[in-house]
Amino acid sequence: MKKVILLTLFLTALACQKKETTKETNKEKTTVKDEHTFSKPDLAVVKHLDLDIKVDFATQTLSGKASWQIDNISKGNEIIFDENTLNITKVTLGDEEKETKFELGSEVEFHGKPLHITIEPNTTKVNIYYSTTKEAVALQWLTPQQTADKKKPFLFSQGESVWSRTWIPCQDSPGVRFTYNAKVTVPKDLMAVMSAVNPQKKNDTGIYTFKQDKAIPSYLMAIAVGDIQFQSIDNRTGVYAEPSVLKKAAWEFAELGKMVVAAEKLYGPYRWGRYDVLVLPPSFPYGGMENPNLTFLTPGVIAGDRSLTSLLAHELGHSWSGNLVTNATWDDIWLNEGFTTYVEHRIGEEIFGKKEADMQNVLTRADLEDNVAEYGKTNPDTRLKVSLTDRNPDDGINQIPYVKGYNFLKVIEQAAGREKFDTFIRNYFDAHAFQSITTEDFVAYLNENLIKGDKTLADKIKLDEWIYKPGIPSNITPAVSDDFTAIDAIQKNWRQTGVKGLNQKIKSTTEKEYFIDHLPKDITPKEMAELDAEFNFTKGGNFVIKRQWFVPSIRSHYTAANPAIEQFLIGISRTGSLMTLYKEMVKTPEGKIWAKQIFEKAKSGYHATTIQSVEGLLK
């Protein structure tokens with residue numbers, strides 16, 4: 001979900017805040033109004049969900065009952081849920097199922113409608129009978145032809161940011177956490193999995209039960225149904241995938257258990273029980289989604305050489321930053337993605353070594369510089385704390401919170417020292433475990449537990465500049481890689497010395513990515529062909545290499561790559577990667593015509609959010 005959008009700075013959050021004491025910690029916790037939910041959890045809030053649904057591929061609907069245990073804090077006569085395109089048929093109260101009144105409010109773009117339910121002061125349970133519709137953005141229904149095996153249909157959900165309300169009536173805010181149990185009925189030849197404790201074998205009944213006893217926000221509710229099989233990696237990690245993909249995926253992710261151990265060494269125990277991954281069909285719109293217990297992954301990560309498994313480190317990192325400690329509103333998304341990018345790099349350093357970490361650091365720095373240049377260095381879009389009021393909250397999930405957040409944390413690491421900062425982060429995760437916090441909560445914790453009034457340290461960090469001001473602060477840490485320096489030298493000379501033998505000097509995926517990104521802007525189709533013959537980028541590259549290679553291919557009119565570019569754009573639905581290529585294509589009139597032609601062929605396999613992004617670009 002990496003989009004280029006216009007944000008406006010939001011500095012009035014504190015004005016909306018109020019303090020409350022939590023029973024769990026007996027400490028003051030900051031609550032802030034979430035502009036992207038109709039619910040009023042300070043008055044009546046959900047605590048646990050019992051979900052009983054049936055999956056119908058013929059009608060492409062889910063139907064059943066969502067039973068919510070609630071805390072009617074205000075002892076009032078109403079609780080408000082979020083819903084979007086759902087068909088609500090009946091609402092009852094309590095175990096005795098006493099029918100009650102409900103009413104839908106006015107629709108708001110991207111947000112759906114408020115669901116007002118009449119309750120009593122002592123109500124503790126609300127049962128909502130409903131079904132989804134074909135307009136449910138969160139649900140993607142795939143025909144057999146859209147799957148890897150092309151034999152049976154497939155369903156998966158994608159709830160982030162505010163789309164869970166299109167398949168479950170809920171209080172759809174990252175600041176509201178709940179536990180859940182679920183009973184899911186599916187066709188008997190298929191298996192269901194969720195963001196919970198999962199079955200490892202298909203049963204004969206088509207009925208599957210799930211339990212998530214850790215409180216999670218609604219955007220982490222997830223379901224997938226298909227011809228799915230499981231293969232373990234070690235005693236707490238494993239892979240789910242379609243039969244034809246399973247063995248390849250299990251081999252690719254063989255180091256998954258080591259990654260969990262490396263993360264625990266850095267940031268404390270993994271608290272979710274099992275950590276499994278589900279490889280989805282190509283129409284999944286993102287690289288990965290960190291659903292608790294079961295990360296959803298793009299098949300593009302299966303490169304055949306374990307070269308792209310750093311994506312796993314990112315999604316695993318969310319088990320601490322994001323799932324354990326969550327942004328309270330979408331204005332605070334950097335707390336999820338910036339921290340997780342930092343954790344990803346640290347896990348990668350533990351597994352793959354410092355040289356690889358140095359290269360990744362340079363690439364992330366380049367991403368930051370490129371994105372800030374695209375927005376403009378004075379553009380408020382480039383601040384970490386943003387305002388998405390009256391916006392689609394998906395707009396906030398762009399590259400800035402990832403790469404600027406990461407570089408901010410690198411500055412703190414350098415200023416405080418790695419050992420001290422590691423202790424701080426581990427304590428931060430422990431102190432806020434299973435809580436949702438704001439940027440202001442983080443700032444207060446940082447000042448109290450790391451800076452501690454040390455003006456010299458505060459001046460080195462420049463916290464306000466990083467969080468509340470645009471652009472890239474001057475105290476950003478250096479990013480240097482000896483391996484990339486060697487490639488820079490090659491880049492200066494290969495036009496004179498020729499390309500023969502370069503594939504023996506530039507070997508890893510990261511090195512090739514860097515080399516491609518720094519090809520001369522005036523490279524000719526003839527030179528592209530020579531490089532292609534040496535590296536076999538067009539036909540033999542993995543997902544990342546192909547994506548990077550196709551950018552200069554489009555720019556230089558290297559038409560030999562056109563069939564592969566078209567196949568790439570039709571074969572995946574990973575929004576960020578698609579947009580990278582479509583953006584390059586639309587820079588010329590003939591390229592825009594070509595882009596529209598490919599999009600018409602491809603869009604039936606794209607996710608709804610991907611279609612929305614590409615259509616906006618091609619207008």
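F434 sits in the loop that runs between α8 and β23 (435-437) of this predicted model. With a relative accessible area of 25%, F434 is partly exposed. Setting aside neighbours within four places in sequence, F434 is in contact with R177, K214, A215, R271, W272 and L324. For a sense of span, take F434 and N503: they are 69 residues apart in sequence, and their C-alpha atoms are 47 Å apart in space.

## Where α3 meets α8

The loop of F434 follows on from a helix worth a visit, as that loop lies between α8 and β23. Helix α8 covers residues 418-431, and its axis comes within 8 Å of the axis of helix α3, residues 256-267. How do the two helices cross? Their axes make an angle of roughly 100 degrees. An angle of 65 to 115 degrees counts as roughly perpendicular, and α3 and α8 are therefore roughly perpendicular to each other.

Which residues make the contact? On the α3 side they are E264, K265, L266 and Y267, and these meet D422, I425, R426 and F429 in α8. By character, the residues of this contact divide into four nonpolar, four charged and no polar ones.

## Aromatic pairs around F429

A pair of aromatic rings is described by the distance of the centres and the angle of the planes. The structure holds 36 aromatic pairs. One of them joins Y267 and F429, whose ring centres are 5.8 Å apart with the planes at 90 degrees, so this pair is edge-to-face. Here the pair links distant parts of the chain, since Y267 belongs to helix α3 and F429 to helix α8, 162 residues apart.

Are these two rings' residues buried or exposed? Y267 is buried, with a relative accessible area of 1%, and F429 is buried as well, at 0% relative accessibility. F429 also forms an aromatic pair with Y428; this one is tilted, with 5.6 Å from centre to centre and 50 degrees between the planes. Both Y428 and F429 are buried.

## Charges over rings

Rings in this model also meet charged side chains. K90 lies over the face of Y129, at 4.7 Å from the ring centre. In a second case, the charged end of R306 sits over the ring of W251, 3.8 Å from the centre of that ring.

## Two residues of strand β3

Next, a look at strand β3, which spans residues 45-56 and holds L51. H48 has its place in strand β3 too. L51 counts as buried because its relative accessibility is 2%, and H48 counts as buried at 12%.

What does each of them touch? Apart from neighbours within four places in sequence, L51 is in contact with K65, A66, Y130, W167, I168, N181, A182, K183 and M221. With residues up to four places away in sequence left out, H48 touches S67, W68, Q69, F178, T179, Y180 and N181. N181 is thus named among the contacts of L51 and among those of H48.

Two distances help to place these residues. The C-alpha atoms of L51 and G64 are separated by 7.8 Å, with their positions 13 residues apart along the chain. The C-alpha atoms of H48 and T298, 250 residues apart along the chain, are separated by 30 Å.

## Backbone points to check

Three loop residues deserve a look at their backbone. A cis peptide bond joins E160 and S161, with omega about 5 degrees. S161 has its place in the loop between β12 (154-157) and β13 (177-185).

The other two residues, Q60 and K75, are set side by side in this table.

| Residue | Phi | Loop | Relative accessibility |
|---|---|---|---|
| Q60 | positive, about 55 degrees | between β3 and β4 (61-71) | 27%, partly exposed |
| K75 | positive, about 60 degrees | between β4 and β5 (78-83) | 55%, exposed |

Q60 has its positive phi although it is not a glycine, and K75 likewise is not a glycine. The loop of Q60 lies between β3 and β4, which brings the story back to the strand of L51 and H48.

Definitions and conventions:
Residues numbered from 1 in each chain as written. Predicted model: local features only at pLDDT ≥ 70, side-chain atom pairs only at ≥ 80, totals over all residues. Heavy atoms only, no water. Axes fitted to C-alpha atoms, helices over the stretch in contact; angles between N-to-C directions. Helix = DSSP H or I, 4+ residues; strand = E, 2+ residues; numbered from the N terminus. Parallel < 35°, antiparallel > 145°, perpendicular 65-115°, else oblique. Contact = heavy atoms within 4.5 Å. Nonpolar A, V, L, I, M, F, W, Y, C, P; charged D, E, K, R; others polar. Phe/Tyr/Trp six-rings, centres within 6.5 Å; stacked < 30°, edge-to-face > 60°. Buried < 20%, exposed > 50% of the residue type's maximum accessible area, 1.4 Å probe, protein only. Lys NZ or Arg CZ within 6 Å of the ring centre and 35° of its normal.
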